[in-house]
Every structure is written in C-alpha cells, then in structure tokens.
Amino acid sequence: MPHKTLDYARELLGVGYARITLGAKEAALLATALDECRSFFSLPEATKARYASADYNFGYRPLGMEYSITADRPDLNDCFTLWSDRLDLVPNAEELAPLTDALLGWRGHLVTLVSEVVGHVADIVGEAQAPSFEAASYLQVNNYTHAEGDRDLLQDRHEDGHMVTVIHTTAPGLEIWPGEECLPVEMAPDEVVLMPGSVLADLTGGRVGALDHQVRNLGLDRRMSLMYFVNPELTEPLHPWVRTEGEAPADLRDKIRSHPATFGLPHVPVL
C-alpha cells in the first residue's frame, strides 16, 4: 500500500482530491458495513430512535436534524454517527453489535489509509509529521430516501471543516468543485474519494484547498454515503507544515475548534 498511498497524496496535491481503489479485503469490509447500515436504516423510526443521544451528536440522528448552511433547509437524510471507538456514547449500543462491529472493521482500514496519505502530504509539503487523529475522528452514515417536493439538492454546497473526509456513496448524486466547475462523482463498489477540508488547507499553507461538495436530488429511492471525518487530536500545538521564514508559527487549534462540525458537533436546528 505505501507506494499507492504516495500516488494518492500526489493526486490530492495535484487535482484537489483523490480517487482510491480498494483491495479485495478492504472492499469486503466496506460491503459488510454498507449491508449492516441498510439493515439499520430499514428499522422502524421508533426503533432507530432508541439509539439517538440527547443532543443527536452520537448514534442515530433523525431526518431534519442537520443542515449544511441554514436551518430552514435541513439536509434530507437521517444518519448514524460513531465517534472513534466510543460505543459508550451511543445509547443501547450493545443491541447494535453487527452494525458497530462492521463500522469499526471498516474504520480500522481507514485509519491506516489516512495515516499514510496525509503523512505523505505532510512530508511533501513541509517535511513534517502528520498529526495523530484516531481519537478525534468519527464515522457517519447518511441515509437519503426519496425526497418529496422539488428541492434540487438533498444537501447544500459546503465543505466539511475537517482535515479530510473519506467518502463512499452507493449511488449518483455527489458533486464536487475541484476547480471552477462542478464535477459529478460516481463510485464503483471498491472505490472511495478522499476530500480535503479547511484544516488540511491551513496545514498545507493553501497548497490544498478545502473541497466544496453537495448532493443532487436525482429522485432515487435510496442512496447512502459512508464517511470518515478525520480531525487532528489537539492535545499538543498544531502548526502549519509550511513555515514563513522569520515568523513564529501559528497554532491552529483555536481556529479548528471554532468550526461547529469539526468535533462531532453538527449544525443541529434548535427545536
């Protein structure tokens, strides 16, 4: 994998995102996770609600409880969030072992993948070390069902506010902006896309830009997005990898903490 992840790092620096092809073992982990997610989201709403935390930041989050830009345009999906390996944050998680085991199995591969790709980027840009991230990152599954009405987007244009997002989608609809024009993205069952966020943009001194994206309403009965939102652990100062000679390096931690989505705090409307 190391030589491939170096290619993915160069792709990220060159075109602003990276398309990654999985090996057979990793593709099987992804397929298992998606199967368990389909089973979970097929449960009755009252059953899924048993696994929602009081603030909706962990476990199940119902439709209409998250938005990208403004509260009057909620994202048209429900979702499930697993922070790091903290099953204790999900109410009644012991009842969801098949789902959480599958998600943690997939996460195990992603930790290695992200560590290598981001590590190569840090080395190329500034001969630096990538920060630790495992304890500060989380998986989220967005479940989009058929949207009533005429909304053109299931999720409005935004960037995630993280270091990177690794995403797999089960159907068309994802659109990204690697440049001036919008690019629709479809993925094979053995593909993921690594999308940089504003944290990586700051770490690289702008060599990589935060990737805007949205989800188009194509009238599908169902699509899912399985995402790994990667955040640096902030126990130590975090400086840009690109240094300006003669200037003290900035500590990025306060800026990172100020983004509402970075550490498991989604845009949640006030009820």
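In the predicted model, R73 is partly exposed, with a relative accessible area of 26%, and its salt-bridge partner is D156, the closest N and O atoms of the two residues lying 2.6 Å apart. Because D156 belongs to strand β5 (residues 153-158) whereas R73 sits in the loop between β2 (59-61) and β3 (78-83), the pair ties together parts of the chain that are 83 residues apart in sequence. In contrast to R73, D156 is buried, at a relative accessible area of 9%.

A further salt bridge is formed by E134 and R107, with 3.4 Å between the closest N and O atoms. This pair likewise links distant parts of the chain, since R107 is found in helix α4 and E134 in the loop between α4 (97-126) and β4 (138-145), a separation of 27 residues. Here the arginine, R107, is buried, with a relative accessible area of 8%, while E134 is partly exposed at 37%.

Two strands are connected by the salt bridge between E175 and R216, for which the closest N and O atoms are 3.1 Å apart. As E175 lies in strand β7 (residues 174-177) and R216 in strand β10 (residues 212-216), the contact ties together parts that are 41 residues apart in sequence. E175 is buried, with a relative accessible area of 9%, and R216 is partly exposed, with a relative accessibility of 27%.

Salt bridges that share partners also occur, joining E45, K48 and D78 into one network. The count of salt bridges in the model comes to 16.

Terms used. Residues are numbered from 1 along each chain as its sequence is written. This is a predicted model: local features need pLDDT of at least 70, side-chain atom pairs count only at pLDDT 80 or more; totals for chains, interfaces and linings use all residues. Side-chain values use heavy atoms; hydrogens and water are left out. A salt bridge is a side-chain nitrogen of Lys or Arg within 4 Å of a carboxyl oxygen of Asp or Glu. Helices (H or I, at least four residues) and strands (E, at least two) are DSSP runs, numbered from the N terminus. Buried means under 20% relative accessible area, exposed over 50%, partly exposed in between (1.4 Å probe, protein chains only).
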